[in-house]
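Let's take a friendly walk through a protein model together. We will look at charged pairs, then at the packing inside, and then at the empty spaces.

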Amino acid sequence: MRTVRRSALIDRPTSEPSALPRRAPLPAHHPDPVLDVVVPVYNEENDLEPCVRRLHAHLGETFPYAFRITIADNASTDGTPRIAARLAAKLPGTDFIRLAEKGRGRALQAAWSRSRAPVLAYLDVDLSTDLAALLPLVAPLISGHSDIAIGTRLARGSRVVRGPKREIISRCYNGLLRGTLAVGFSDAQCGFKAVRRDVAERLLPLVEDREWFFDTELLVIAERAGLRIHEVPVDWVDDPDSRVRIVSTALADLRGVARLGRSLACGRLPLSALRRSGGDLDGELPAGLPRQVVRFAAVGAASTLCYLLLYTVLRPATGAQTANALALLASAIANTAANRRLTFGVRGHGGALQHHLKGLATFLIGLGLTSGSLAVLHHTAPGAGRRVELLTLIAANLAATLLRFLLFRAWVFPARRMTGTTAP
């Protein structure tokens, strides 16, 4: 048995390493295990042996490369360590490590950090996910197509059996991630994931959480760095004997979302060290939040000047309300096009029409704010001069600009999904 102490797992790099090399497929004849599947466990003496034996048999029958199964025990107090040690001794290609502290993230951090397999994966010991999805999960990593692969219970093609309570909690949590961190992946917490080892070596030192938020944090950082995340719809049956404490886990996840959001907003994470060099998207990835704010503000200042100029020119001929609508429409179209290219890093014609239609929807919100402010001004101060009108419109535009940025980031130009989907 091997005990991994926490102090060895939380060291941070002192300097930012160079970018990741381009992805490459693994050779057809690889001498060492290509895949290391980690099974994190805590007090699972009843489920551990049937799980590992079933997994070992499945891989032996379907996986074309050499593999390893690593049982990562989280300080169990029942017979789990004894059973794990026996399985490691009897089943070829099975290993066992024992940790002194609990935490799924801690177990994955320890097992993945010590493994030399080029593809690292994990699955829950209850085998809620059908093992038929395991090969589709790791194939894009072996071929060099993707950096991370996740099973998803929320994509079209997934078949899920679980109670309404867990279904609602899962969908609310993933909706929260999309609304707050603008993520593109669909299911953060499914216990069925894989990652290339070269990516894991860069990602793991950046992930702070050692418990259930570990998965989410790893995926958010990877996506923000522009790594490609592949999604596989899975067949998933809820385990009624799940040990997850829903309330405490949810609170910990909310704290994790807030912490990670602050780190991303302040630019504390060295995301450039995770980007692939020489790739087709190199240099075209969306900027992080601080740079997006600066670029959005610059585009907004230019479009506001354009708007005020157009309004001033049109006002004498069309009246205040018509001039406001025409000037705002023209500047909104230009604003959407500029933000699409400069702020959110979207190039080419793909999705341009959809982006502009959503941009026009945000224009209508801005129109409502500015037109409403003019209506209130004319009602409360009928004799207000042009200068007061302009000051009122500037204030209304500032409020509309803030709202527009939030809508652009979360809805019009959400974090681009570097994902593929494979039908089950």
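Arginine 159 is an exposed residue, because its relative accessible area of 54% is over the 50% cut-off. Keep in mind that the model in front of you is predicted.

**Charged partners**

What does the side chain of arginine 159 meet in a salt bridge? The partner is aspartate 235, with 3.8 Å from N to O. Aspartate 235 counts as partly exposed, at 25% relative accessibility. This pair ties together distant parts of the chain: arginine 159 belongs to strand 7 (residues 159–161) and aspartate 235 to strand 10 (residues 235–237), 76 residues apart.

Now compare that with a pair inside a single helix. Arginine 171 and glutamate 167 both sit in helix 5, four residues apart, which is about one turn of the helix. They form a salt bridge too, and their closest N and O atoms are 2.6 Å apart. Arginine 171 is partly exposed at 43%, and glutamate 167 is also partly exposed, at 22%.

A third salt bridge joins the side chains of arginine 196 and aspartate 198. Is arginine 196 buried or exposed? Arginine 196 counts as buried, because its relative accessibility of 8% is under the 20% cut-off. Aspartate 198, at 23%, is partly exposed.

Here are the three pairs side by side:

| Salt bridge | N to O distance |
|---|---|
| Asp235 and Arg159 | 3.8 Å |
| Arg171 and Glu167 | 2.6 Å |
| Arg196 and Asp198 | 3.7 Å |

Some salt bridges share partners, and in this way Arg104, Asp124, Lys193 and Asp215 become one network. In total, the structure holds 20 salt bridges.

**The packed interior**

In soluble globular proteins, nonpolar side chains tend to be buried together. In this model, the largest nonpolar core has 44 residues, and Trp112, Ile148, Phe185, Leu218 and Ile221 have the most contacts inside it. Several elements give two or more residues to this core, including strand 4 (94–99), helix 3, helix 5 (164–181) and helix 8 (246–265). Which helix gives the most to this core? Helix 7 does, with six residues.

Take a closer look at isoleucine 221. Leaving aside residues up to four places away in sequence, isoleucine 221 touches Leu203, Leu206, Val207, Leu260, Leu269, Leu271 and Leu274. Apart from this core lies another one, of 40 residues, with Val34, Val52, Leu137 and Ile142 among them.

**The empty spaces**

How many cavities of 30 Å³ or more does a search of the whole structure find? The search finds four.

The largest cavity holds about 90 Å³ of space. Helix 9 (289–318), helix 10 (320–343) and helix 12 (386–412) each supply at least two residues of its lining. Among the lining residues are Tyr307, Asn335 and Arg404. By class, the lining has three nonpolar, seven polar and one charged residue.

The second largest cavity has a volume of about 60 Å³. Its lining is made up of nine nonpolar, no polar and two charged residues. Some names from earlier return here: Trp112, Ile148, Lys193, Asp215 and Leu218 are among the residues that line the second largest cavity. Helix 3 (104–114), strand 8 (192–196) and helix 7 (214–224) each give two or more residues to this lining. Helix 7 provides the largest share, four residues.

Conventions:
Residues numbered from 1 in each chain as written. Predicted model: local features only at pLDDT ≥ 70, side-chain atom pairs only at ≥ 80, totals over all residues. Heavy atoms only, no water. 1 Å grid on protein atoms, 1.4 Å probe; cavity = no way out; pocket = protein on both sides within 12 Å on 5 of 7 lines; lining within 4 Å. Points joined across faces, edges and corners; volume = space filled by probe spheres on them. Nonpolar A, V, L, I, M, F, W, Y, C, P; charged D, E, K, R; others polar. Core = buried A, V, L, I, M, F, W, Y, C linked by side-chain atoms within 4.5 Å. Buried < 20%, exposed > 50% of the residue type's maximum accessible area, 1.4 Å probe, protein only. Contact = heavy atoms within 4.5 Å. Salt bridge = Lys/Arg side-chain N within 4 Å of Asp/Glu carboxyl O.
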